[in-house]
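This report walks through one protein model for a reader who has not seen it before. Please look over the sequence and the structure first.

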Amino acid sequence: MVAATSGFDVAVIGAGIVGCAIARRFAIDGARVVILERGHDVLDGASKGNSAILHTGFDAPAGSLELDCIRAGHAEYLQIHQRMNLPLDRAGALVLAWDEEQQTALPALMAQARANGVTDIQPMERADLLQAEPHLAPEIRAGFRVPGEALIDPWSAAHAYLYQAIAHGAELRCRAEVTSARRLADRWDLHSGAGQVQAGLVVNAAGLWGDHVQRLLTGESWFQIRPRKGQFVVFDKPAAALARHILLPVPTAVTKGVVVCRTVYGNLLVGPTAEEQDDPDCATLVPETLDALRQTGIRILPALAGQEITAAYAGLRPATDEKGYRIRADLSQGLVTVGGIRSTGLSAALGIASHVAALAGGQSARQPQHWPQMPVLAEGGARDWRAPGNQGLVCHCEKVSRREIEAALTAPAPANSLGGLKRRTRVTMGRCQGFYCSAELARMTEGRFTQPLTGGGGDAG
C-alpha cells in the first residue's frame, strides 16, 4: 500500500456504505485512515435510500467485477453480521413472470444464475408460487426462487463498518467537502471544509459526486455520473404479512425493476422507479409516480388495496454511461477511483472494500480486534423498549427509547442531524412521521446537531 511519511496513509472521500466499508478494511489492516464526508452526517448521499436487500448476484453480468464484489460482500456479511449484532432476514426471493415475454425469459435468467454460482435456485410453477405466496395476484404465470436473497438493515450495516473503522483508529470528518487537491511527491494535499489533510493514498468513493471529485483530483474524469432516481412507497406494518419473500420482477437491461418486499423494521415497501436526471442532490417525490407505484404493488398483491401508506422516500443511484462498476487504481498517482456503484452497492460494499485494498497492495489478512455491537432496530428483535432502564419511549410509533437516542448522540460517530438520528434509531419514521415526538427531540438535541432539527422526510421507512 502507498504510505505517507506524515498525516494519513489513506483518505477516503465519501462516507456512504462503500466508503465506510473501505475505511473499515484499511483500518483493520493497520492503515491510518481519515474519512472525508461533505454532508452533515454519514449516509447523507446515495446510501440513505435503497431497497435494503442483500443480493446474491444471480442476475449480475457474468464475469463482471460487480458479480465478484457482490458474492464476496454477501459472503462476508453472512460471516460477520452476528459478531456486530446486525439483522439478517433470510426471506429468499421469488422472480416472477407476469406475461408470456417474461416467462420466456426465465430459462435464460436461471441459466445466468447458475453460471454466476447461484446454483440453489428452484423453478416454480404457478401453483407452487401461489402456495408459497397466497396473496399473489392470480395472474402470475411462473417464476423461480432464489433462497440466498435476504433482507438487512442498510444503515446499521454502514454504521457498524464505520464504528469498527473508528475503533481501529480511523477518523471521520463531516462537513468536509474537498475543495482543492494537490499531488506532492509521495502524497496528496487535500483541503476541505474540515481542514487540511495529507494522505499517501486517496480513495474516491464520492458516489453521486464521484466524477466531480475525479476532475478535482486529476483535472478530468473518465466517467460521468448520471443520477438515477428511485422512488418508494412504504406501507404500514400490517401489510408486511402479505409477503413472505422478496418479490422481484424479471429484470431489464436498465433496471432490476419494482420490488415488493418486507423490511426488517416490519413494514412493506414497493419500489424503486428508475428515473434519469441531472441533479445529483435533488430526490423529489412525485405524487403521480407514487400513486403508480401503489397501483403496481396492488397488481402484485391485491390485498395492498386495503393497506395504509406510512411514508414515501426517494434515493439517487450513482449510475454512469456503462452498467459496470467503474473501479480503477493508479498507484503512481496514489489514487483509487470507486465509481458507478449503483443499486447493488449495499450488497457489494464489503467485497468492493477487499478489492480496493488488494488494488492498493494490501493483503486484508488481519482480523478485527474490535467488534462494535449495534442496537437492535429490527421488528421482533430484542428492542430496547422491552429492556429495563430504557428511560421511557420518545417515539411511540417506532418504540424508540430515550436511552437509544442518547446512545446515538454519543456514538463513535454521533448523529449530527435528524436524518442521521433517524437512520440510527428510526425515530420519527412511524405512522405520525414525528408529529408527536419532534418537540421532545428538539429539546434533547438542542446544541448537539450541526444541522438543526427542522423536520423529517427523505429517508426510508
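What is the volume of the second largest pocket? In this predicted model, the second largest pocket has a volume of about 240 Å³.

## The second largest pocket

The lining of this pocket is made up of 17 residues, and those closest to the pocket centre are Tyr163, Pro375, Ala407, Ala408 and Ala411. Three elements each give two or more residues to the lining: helix H5 (154-167), helix H9 (402-409) and helix H10 (418-425). H9 supplies the largest share of the lining, with four residues.

## An annotated domain

The unreviewed UniProt entry annotates residues 393-442 as "domain: BFD-like [2Fe-2S]-binding". Over residues 393-442, helix makes up 42% of the chain and strand 10%. The C-alpha atoms at the two ends of residues 393-442 are 15 Å apart.

## The loop between E2 and E3

Strand E2 (33-36) and strand E3 (53-54) are joined by a loop that holds serine 47. Glycine 45 lies in the loop between E2 and E3 as well.

Serine 47 counts as buried because its relative accessibility is 13%, under the 20% cut-off. The side chain of serine 47 reaches the backbone nitrogen of isoleucine 17 at 2.9 Å. Neighbours within four places in sequence aside, serine 47 is in contact with Gly16, Ile17 and Trp155.

Glycine 45 has a relative accessible area of 37%, so this residue is partly exposed. Between glycine 45 and arginine 175 there are 13 Å from C-alpha to C-alpha, although the two are 130 residues apart along the chain.

## A residue in helix H8

Is isoleucine 352 buried or exposed? Isoleucine 352 lies in helix H8, which covers residues 345-359. Its relative accessible area is 0%, and therefore isoleucine 352 is buried.

Leaving out neighbours within four places in sequence, the contacts of isoleucine 352 are Val18, Ile22, Cys69, Tyr325, Ile327, Val338 and Ile341. Threonine 296 is 56 residues from isoleucine 352 in sequence, and their C-alpha atoms are 33 Å apart in space.

## Confidence of the prediction

The average pLDDT of the protein is 94, and 96% of the residues score at least 70. Over residues 455-461 the pLDDT is below 50, and in the model this stretch has 25 contacts beyond near neighbours in sequence. Predicted coordinates should not be read in detail where pLDDT is low.

Methods: Residues numbered from 1 in each chain as written. Predicted model: local features only at pLDDT ≥ 70, side-chain atom pairs only at ≥ 80, totals over all residues. Heavy atoms only, no water. pLDDT = per-residue confidence, 0-100. Contact = heavy atoms within 4.5 Å. Buried < 20%, exposed > 50% of the residue type's maximum accessible area, 1.4 Å probe, protein only. Polar contact = N/O pair within 3.5 Å; in protein donor to acceptor, adjacent residues only side chain to side chain. UniProt positions renumbered as here; feature names shortened; annotations may be inferred. 1 Å grid on protein atoms, 1.4 Å probe; cavity = no way out; pocket = protein on both sides within 12 Å on 5 of 7 lines; lining within 4 Å. Points joined across faces, edges and corners; volume = space filled by probe spheres on them.
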